[in-house]
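Colleague: I'm new to reading structures, so could you zoom in on one part of this one for me and take it slowly? Salt bridges and the helices around them would be a great place to start.

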Amino acid sequence: MQAWRVHRNGEPGEVMRLEDVERPEPAEGQVRVLVRAANINFPDALLCRGHYQVRPPLPFTPGVEICGETEDGRRVITTAALPHGGLGEYALADAAGLLPAPAALDDAEAAAMHIGYQTGWFGLHRRAHLEKGETLLVHAAAGGVGSAAVQLGKAAGATVIGVVGGPAKAEVARELGCDVVIDRHTDDIIAAVKEATGGRGADVVYDPVGGDAYAKSAKCVAFEGRIVIVGFTSGEIPAPALNHAMVKNYSILGLHWGLYAAKDPAAIPRCHQRLTELAAQGVVKPLVSERVPLKGAADAVQRVADGATTGRVVVIPEGDS
């Protein structure tokens with residue numbers, strides 16, 4: 001079979017190589033999955049760079065999120081078991097982590113329905129307790145993680161303010177359902193949020209960016225607001241001023257979705273059931289902006305790393321062998 005492999009750490013476009021390899025053999029508790037679609041996530045780029053919290057042994061195949069078919073014919077979504085990731089024709093996965101792919105979604109959409117939407121659900125509902133009528137501020141609202149949070153926020157009955165970079169991404173954010181769109185290149189984020197909320201600020205902030213996005217969030221979060229930290233795509237990890245959080249009376253919440261598999265595994269299928277229901281109702285649907293063949297995966301991972309994409313970029317291995 002063919003699979004992309006990383007033999008040394010570096011930029012995805014430089015270190016990913018498409019190779020002919022043997023099909024991976026599952027270990028105890030694992031299954032081999034035919035990859036029908038692999039959604040590219042920012043952690044795939046971090047894995048290539050060697051900057052992710054998990055560092056698989058070299059060489060490894062990136063691709064942490066897939067829709068696939070088990071050998072007994074089940075259509076599933078799952079996170080791949082590294083080092084045998086989803087950017088190949090077959091991947092490995094933990095049998096306990098398999099979830100039924102939502103029937104309302106095609107393979108590419110289903111592949112993008114797992115990590116980003118689970119992260120959004122846990123972040124908004126379990127950590128921040130977002131309520132109907134509150135205001136949700138989403139950074140990188142046109143991206144993969146942000147677009148999921150926008151849809152989930154609207155589904156919860158929140159007013160959603162989306163922050164994006166550039167007019168093209170602003171249009172995507174509007175199509176996703178953002179009530180207010182702020183272009184960070186031309187708009188004053190703090191002033192725009194306060195104007196949109198009558199001076200109150202955002203009740204919940206969803207931040208996958210870090211850096212300057214966090215600093216500005218702290219200046220426009222509401223009394224008893226909650227800032228949910230889900231990542232640092234800017235490459236800059238902020239150092240929160242805890243005295244500021246105390247004086248303004250807001251909360252800073254961390255969200256690492258992967259921990260739930262170890263700490264509260266039963267919560268993941270419960271969340272998946274709710275997401276499946278929302279997908280069946282047409283309330284949420286992953287924004288798949290590109291479907292690329294396996295041979296285009298390295299370039300796609302690099303573009304996601306560079307922040308040059310909107311929505312989700314999904315690799316479709318079928319037909320590339």
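Modeller: Sure! When I say helix, I mean a DSSP run of H or I with at least four residues, numbered from the N terminus. One thing to keep in mind is that this is a predicted model.

Let's begin with helix α11, where the side chains of Arg274 and Glu277 meet in a salt bridge, 3.2 Å from N to O. The cut-off for a salt bridge is 4 Å between the nitrogen and the carboxyl oxygen, so this pair qualifies. Why can these two reach each other? They are 3 residues apart in α11, so about one helical turn separates them. Next, how open are they? Partly exposed covers what lies between under 20% and over 50% relative accessible area. Arg274, at 32%, is therefore partly exposed, and Glu277 is partly exposed too, with 32%.

Helix α6 (residues 167-176) tells a similar kind of story. Here Arg174 and Glu171 form a salt bridge at 3.7 Å, N to O. These partners are 3 residues apart in α6, which means about one helical turn lies between them. Arg174 has a relative accessible area of 47%, so it is partly exposed, and Glu171, at 40%, counts as partly exposed as well.

Now for a pair that isn't within one helix. The side chains of Glu109 and Lys285 meet in a salt bridge of 3.4 Å, N to O. This one ties together distant parts of the chain: Glu109 sits in helix α3 (residues 107-111), while Lys285 is in the loop between α11 (267-280) and β14 (288-293), 176 residues away. Glu109 is buried, with a relative accessible area of 8%, whereas Lys285 is partly exposed at 45%.

Salt bridges can also join up into networks, and Arg36, Glu69, Arg75 and Asp107 are linked in one. Across the whole structure, a search finds 20 salt bridges.

Let's step out to how helices pack. Two packed helices are described by the angle between their axes and the distance between the axes. Helix α4 (residues 115-127) and helix α5 (residues 144-155) have axes that come within 9 Å and cross at roughly 50 degrees. That angle makes α4 oblique to α5, and the crossing is right-handed. On the α4 side, Gly116, Tyr117, Gly120, Trp121 and Leu124 take part, meeting Ala148, Ala149, Gln151, Leu152 and Gly153 in α5. By class, this contact has 6 nonpolar residues, 4 polar and no charged.

Helices α2 (residues 42-49) and α12 (residues 297-305) pack at about 100 degrees, with axes 8 Å apart. An angle from 65 to 115 degrees counts as roughly perpendicular, so α2 is roughly perpendicular to α12. Phe42, Asp44, Ala45 and Arg49 of α2 make the contact with Val301, Val304 and Ala305 of α12. Charged residues do turn up here: there are 2 of them, alongside 5 nonpolar and no polar.

One last stop is Glu65, in strand β4 (residues 65-70). Glu65 is buried, with a relative accessible area of 0%. Its contacts, leaving out residues up to four places away in sequence, include Ala37, Asn39, Thr78, His114 and Gly116.

Terms used: Residues numbered from 1 in each chain as written. Predicted model: local features only at pLDDT ≥ 70, side-chain atom pairs only at ≥ 80, totals over all residues. Heavy atoms only, no water. Axes fitted to C-alpha atoms, helices over the stretch in contact; angles between N-to-C directions. Helix = DSSP H or I, 4+ residues; strand = E, 2+ residues; numbered from the N terminus. Parallel < 35°, antiparallel > 145°, perpendicular 65-115°, else oblique. Left-handed = near helix turned anticlockwise from the far one by under 90°. Contact = heavy atoms within 4.5 Å. Nonpolar A, V, L, I, M, F, W, Y, C, P; charged D, E, K, R; others polar. Buried < 20%, exposed > 50% of the residue type's maximum accessible area, 1.4 Å probe, protein only.
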